[in-house]
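Student: I have a model open and would like to understand the labels attached to it. Could we go through the reasoning together?

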Amino acid sequence: MRVPLELSFRNVPRTERIEEMVRERAAKLEKYHDQIISCHVAVEGPQEHQSSGSPYRVRISLRVPPGHELAVDREPGQDHLHDDLPTVIHRAF
């Protein structure tokens, strides 16, 4: 990647384990496209008034030449109500 990985956390503690997991998976993306310009990953915890679905959300935004942006937003539905954060990260990537 031309720009270092941007990683943000919201309503979830930033841990070395989670950060390393995201960094490893982001690095693997370069196997599929070696011209990735940038990657931003947002890891979000539960909302105050959330009543269904997994409490975690992972968003991945990539920029690739010639100026295209790709985005993945992983919000598990009813089939994955009790997924933990590592599982949600794995499914997003």
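What follows is a short conversation about one helix and some salt bridges.

Tutor: Happy to! Keep in mind that this is a predicted model.

Student: What makes the span of helix α1 close to the expected one?

Tutor: Helix α1 covers residues 16-28, which is 13 residues. From its first C-alpha to its last it reaches 18 Å, and at 1.5 Å a residue 18 Å is expected.

Student: Which residues of α1 are buried?

Tutor: They are Ile18, Glu19, Met21, Val22 and Ala26. The buried residues cover an arc of only 160° around the axis, so they sit on the same side of α1. In general, an α-helix has 3.6 residues a turn, so residues three or four places apart point the same way.

Student: What covers the buried residues of α1, and what does the face turned away from the buried side carry?

Tutor: The cover includes β1 (6-10), β2 (38-44) and α2 (85-92). The face turned away carries the exposed residues Glu16 and Arg17.

Student: How do you know that arginine 23 and glutamate 19 meet in a salt bridge?

Tutor: Their side chains are 3.1 Å apart, N to O, and the cut-off is within 4 Å, so the pair qualifies. Both residues lie in helix α1, 4 residues apart, about one turn of the helix.

Student: Why is arginine 23 called partly exposed?

Tutor: Its relative accessibility is 38%. Partly exposed lies between the buried limit, under 20%, and the exposed limit, over 50%, so arginine 23 fits that class.

Student: What makes glutamate 44 and arginine 59 a salt bridge?

Tutor: The N to O distance is 2.7 Å, which meets the within 4 Å rule. This pair links distant parts of the chain, with glutamate 44 in strand β2 and arginine 59 in strand β3 (residues 57-64), 15 residues apart.

Student: Why is glutamate 44 called buried, and why is arginine 59 called partly exposed?

Tutor: Glutamate 44 has a relative accessible area of 4%, under the 20% limit, so it counts as buried. Arginine 59 has 33%, in between the two limits, so it counts as partly exposed.

Student: Where do arginine 57 and aspartate 73 lie?

Tutor: Arginine 57 is in strand β3 and aspartate 73 in strand β4 (residues 68-74), so their pair ties together parts 16 residues apart in sequence. They form a salt bridge with the closest N and O atoms 2.9 Å apart.

Student: Which residues are linked in a network of salt bridges?

Tutor: Glu44, Arg57, Arg59 and Asp73 are.

Notes: Residues are numbered from 1 along each chain as its sequence is written. This is a predicted model: local features need pLDDT of at least 70, side-chain atom pairs count only at pLDDT 80 or more; totals for chains, interfaces and linings use all residues. Side-chain values use heavy atoms; hydrogens and water are left out. Helices (H or I, at least four residues) and strands (E, at least two) are DSSP runs, numbered from the N terminus. The expected span of a helix is 1.5 Å times one less than its number of residues. Buried means under 20% relative accessible area, exposed over 50%, partly exposed in between (1.4 Å probe, protein chains only). The arc is that of the directions from the helix axis to the C-beta atoms. Contact means heavy atoms within 4.5 Å.
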